[in-house]
Structure formats: C-alpha cells, structure tokens
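Visitor: I am new to this structure and would like to know how its labels are earned. Could you show it to me and take my questions one by one?

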Amino acid sequence: QVQLVESGGGLVQAGGSLRLSCAASGSIFSINTMGWYRQAPGKQRELVATITSGGSTNYADSVKGRFTISRDNSKNTEYLQMNSLKPEDTAVYYCAAEVRRSIVTSTARFWGQGTQVTVSS
C-alpha cells in the first residue's frame, strides 16, 4: 500500500504564509507527477499545482506568483509554499501522487487525507 501524509495546515491572517508538506511512504518503486488540490465548502475539488519528477511545474491561475510547489525525490515528499494568502484560499488541501509500486505495474493515483487551511480577513 501507499500512504500520503500531509502536514502544515492551519489558521493564518490574510497576507500571511503557510507551508504544506506531503510525505509518501509504503510500497513505492517510483513517483511521477505530484500535486496539490483544494476543495472549498460547496465547491468542487480543483487543481492548485503539479510538479513532475523532473521538476516541471504547473499552477492554477489563481495562485500563480503566490504559491510555489517543490519536491524532494530522495524523501518522496512534496511541498507547497503559500504566500500572500487570501480568504478565498480557504479550503481543505489534498496532496496527490502518481505512484508506480513495482517495475511491472502501471502508475496509480493516491491521495492524502487532506489538511485544512483557513485564511481570515
């Protein structure tokens, strides 16, 4: 099995910063793309940012210039540095990873349990 464990969420004032971490563990041969998604109350889950194993990144327009995704392949861990936070960034943030569990298996997407980020105005 594969587990993704997130940490770093919390309550912050508008304009503040938070850093989320997501560590993958278990039966892992390799990890391709990793990403962060978020879901606000009453809304669908949306993409925040992704990063490939080679370090190529992609961001939602709403977070460009404020959020930075990164990863440490040696630790199977990804990060999301969130700066200049706005109340509209309030959501449950989920990490995801495309994991290959062996050389003969295809990749599968695994999700973290989610961490709450609340930005007060």
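Visitor: Why is Phe 29 called partly exposed?

Guide: Phe 29 has 48% relative accessibility. Buried means under 20% relative accessible area, exposed means over 50%, and partly exposed is in between (1.4 Å probe, protein chains only). The value of 48% falls in between, so Phe 29 counts as partly exposed. A word on the basis: this is a predicted model, where local features need pLDDT of at least 70, side-chain atom pairs count only at pLDDT 80 or more, and totals for chains, interfaces and linings use all residues. Residues are numbered from 1 along each chain as its sequence is written, and side-chain values use heavy atoms, with hydrogens and water left out.

Visitor: What makes Thr 77 buried?

Guide: Its relative accessible area is 8%. That is under 20%, so Thr 77 is buried. Thr 77 touches Cys 22, Ala 23, Met 34, Arg 71 and Asp 72, leaving out residues up to four places away in sequence; contact here means heavy atoms within 4.5 Å.

Visitor: Why is Ser 56 called partly exposed?

Guide: Ser 56 has 48% relative accessibility, which lies between the two limits, so partly exposed is the right label. Beyond its neighbours within four places in sequence, Ser 56 is in contact with Thr 50 and Ile 51.

Visitor: How do you know that Asp 89 forms a salt bridge with Arg 38?

Guide: The closest N and O atoms of Asp 89 and Arg 38 are 3.0 Å apart. A salt bridge is a side-chain nitrogen of Lys or Arg within 4 Å of a carboxyl oxygen of Asp or Glu. At 3.0 Å the pair is within 4 Å, so the name applies. Both Asp 89 and Arg 38 are buried. They also belong to a network of salt bridges that links Arg 38, Glu 46, Arg 66 and Asp 89.

Visitor: What makes Lys 64 and Asp 61 a salt bridge?

Guide: Their closest N and O atoms are 3.1 Å apart, so the pair is within the 4 Å limit. Asp 61 counts as exposed, because 63% relative accessibility is over 50%. Lys 64, at 49%, counts as partly exposed.

Visitor: How do you know that Glu 98 counts as buried?

Guide: Glu 98 has 18% relative accessibility, and this is under 20%, so buried is the label. Glu 98 forms a salt bridge with Arg 109, with the closest N and O atoms 2.6 Å apart. Arg 109, at 41%, counts as partly exposed.
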